[in-house]
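User: I'd like to learn how to read local features off a model. Could you walk me through this one, feature by feature?

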Amino acid sequence: TVQPTFLASDPSPDGKWRGGVIRYDCINYEYPDYTEILAYEQLKIVSLNDGAENTIADQLQNCGGIGGGGLAGLYWSPSNRYFYYTDWREGFPESCGNYIVPTIYRFDMISKEIITVGGGHISPDQTKIAMWQENEIVIWDLDEGEIARITGLAPNTHNGEISWSPDGQSLVYLQTTFDCAPDYGTTYVTRLDLAEMLQT
């Protein structure tokens with residue numbers, strides 16, 4: 001009974017595909033003993049040649065709830081083979097920590113396989129992601145997958161923010177001795193040279 005809303009459009013680099021989110025907004029859903037307000041979203045990839053659709057993710061949302069949610073396309077790989085998206089477009093999860101980022105998923109246009117990449121930050125040229133996995137910084141190429149991995153320089157610390165240099169040749173990341181505001185203890189700032197994989 002709800003008319004869908006088209007939230008966003010993410011065209012592929014070759015102009016053959018479009019990723020988009022369809023949202024069915026909040027309505028009252030009647031259970032025997034109570035009423036819940038729900039919304040529903042679908043993330044689709046549509047062929048711009050013949051209109052064929054692939055629904056690659058969907059999400060039922062509690063409109064009265066808290067936390068993070070919502071589907072969103074993020075970026076295409078340069079080869080057009082992979083489409084990256086998240087299931088956390090807005091809000092914030094109920095947790096404590098100095099570094100919490102949306103999870104990124106990758107859809108393979110050929111095999112239709114979906115894998116969880118992790119949570120990270122896109123490079124200035126939109127070809128790589130830098131992210132934490134446990135206590136390691138991982139560099140992920142949008143076409144090739146993981147291309148580098150290095151352990152954080154400060155041992156026995158908690159992961160913090162990551163930031164790319166404007167030229168994409170290095171990045172800076174934080175590590176802290178505590179993981180909950182307002183006191184993060186000692187903060188370590190490290191620069192990682194990606195060409196040499198050297199840390200300072």
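Analyst: Happy to, and let's begin with a cysteine: at 33% relative accessibility, Cys 26 counts as partly exposed (buried means under 20% relative accessible area, exposed over 50%, partly exposed in between, with a 1.4 Å probe and protein chains only). Before we go on, keep in mind that this is a predicted model: local features need pLDDT of at least 70, side-chain atom pairs count only at pLDDT 80 or more, and totals for chains, interfaces and linings use all residues. Residues are numbered from 1 along each chain as its sequence is written, and side-chain values use heavy atoms, with hydrogens and water left out.

User: Which residue does Cys 26 join in a disulfide?

Analyst: In general, a disulfide is a covalent bond between the sulfur atoms of two cysteines. The cut-off here is a pair of cysteine sulfur atoms within 2.5 Å. The structure holds one disulfide, and it joins Cys 26 to Cys 63, with 2.0 Å from S to S. The pair links distant parts of the chain, 37 residues apart: Cys 26 is in strand 2 (residues 17-30), and Cys 63 is in the loop between strand 4 (53-62) and strand 5 (68-69). Strands here are DSSP runs of E with at least two residues, numbered from the N terminus. Cys 63 is partly exposed too, with a relative accessible area of 31%.

User: Why is the disulfide of Cys 26 and Cys 63 called left-handed?

Analyst: The torsion about its S-S bond is about -95°, so the disulfide is left-handed.

User: Next, strands. Which strands share a sheet with strand 2, and in what order?

Analyst: As a general idea, side chains in a regular strand alternate between the two faces of the sheet. For pairing, DSSP has to find at least two bridges between two strands. Here four strands form an open sheet in the order 1-2-3-4, with antiparallel pairing. Strand 1 (5-11) and strand 4 are the edge strands, each pairing on one side only. Six bridges join strand 1 to strand 2, and Asp 10 stands opposite Gly 19 in strand 2.

User: How many residues are in the hairpin connection between strand 13 and strand 14?

Analyst: Three residues link strand 13 to strand 14 in that hairpin. The two strands, residues 136-141 and 145-151, run antiparallel and are joined by six bridges. Look for Trp 140, which stands opposite Glu 146 in strand 14. Glu 146 also meets Arg 149 in a salt bridge (2.8 Å, N to O).

User: What counts as a salt bridge, and how many are there in the whole structure?

Analyst: The test is a side-chain nitrogen of Lys or Arg within 4 Å of a carboxyl oxygen of Asp or Glu. A search of the whole structure finds eight. One of them is between Arg 23 and Glu 41, whose closest N and O atoms are 2.7 Å apart. That pair bridges distant parts of the chain, from strand 2 to strand 3 (residues 35-47), 18 residues apart. Arg 23 is buried at 14%, and Glu 41 is buried at 0%. Both belong to a salt-bridge network with Asp 25, Arg 89 and Glu 90. Another salt bridge has Lys 44 and Glu 53 meeting at 3.0 Å, N to O; Lys 44 is buried, at 14%, while Glu 53 is partly exposed, at 48%.

User: How do I read aromatic pairs, and how many does the search find?

Analyst: A pair of aromatic rings is described by the distance of the centres and the angle of the planes. Rings of Phe, Tyr and Trp (its six-membered ring) pair if their centres lie within 6.5 Å; planes under 30 degrees apart count as stacked, over 60 as edge-to-face and the rest as tilted. The search of the whole structure finds seven pairs. Among them, Tyr 29 and Tyr 31 are edge-to-face, at 5.0 Å centre to centre and 65° between the planes. Tyr 75 and Tyr 84 are tilted, at 5.8 Å and 45°. Tyr 29 and Tyr 31 also form one aromatic cluster with Tyr 34.

User: Last one: where is Asn 80, and what is its phi?

Analyst: Most residues other than glycine have a negative phi, and most peptide bonds are trans. Asn 80 has a positive phi of about 75° although it is not a glycine. Asn 80 sits in the loop between strand 6 (72-76) and strand 7 (82-86), and is buried at 15%.
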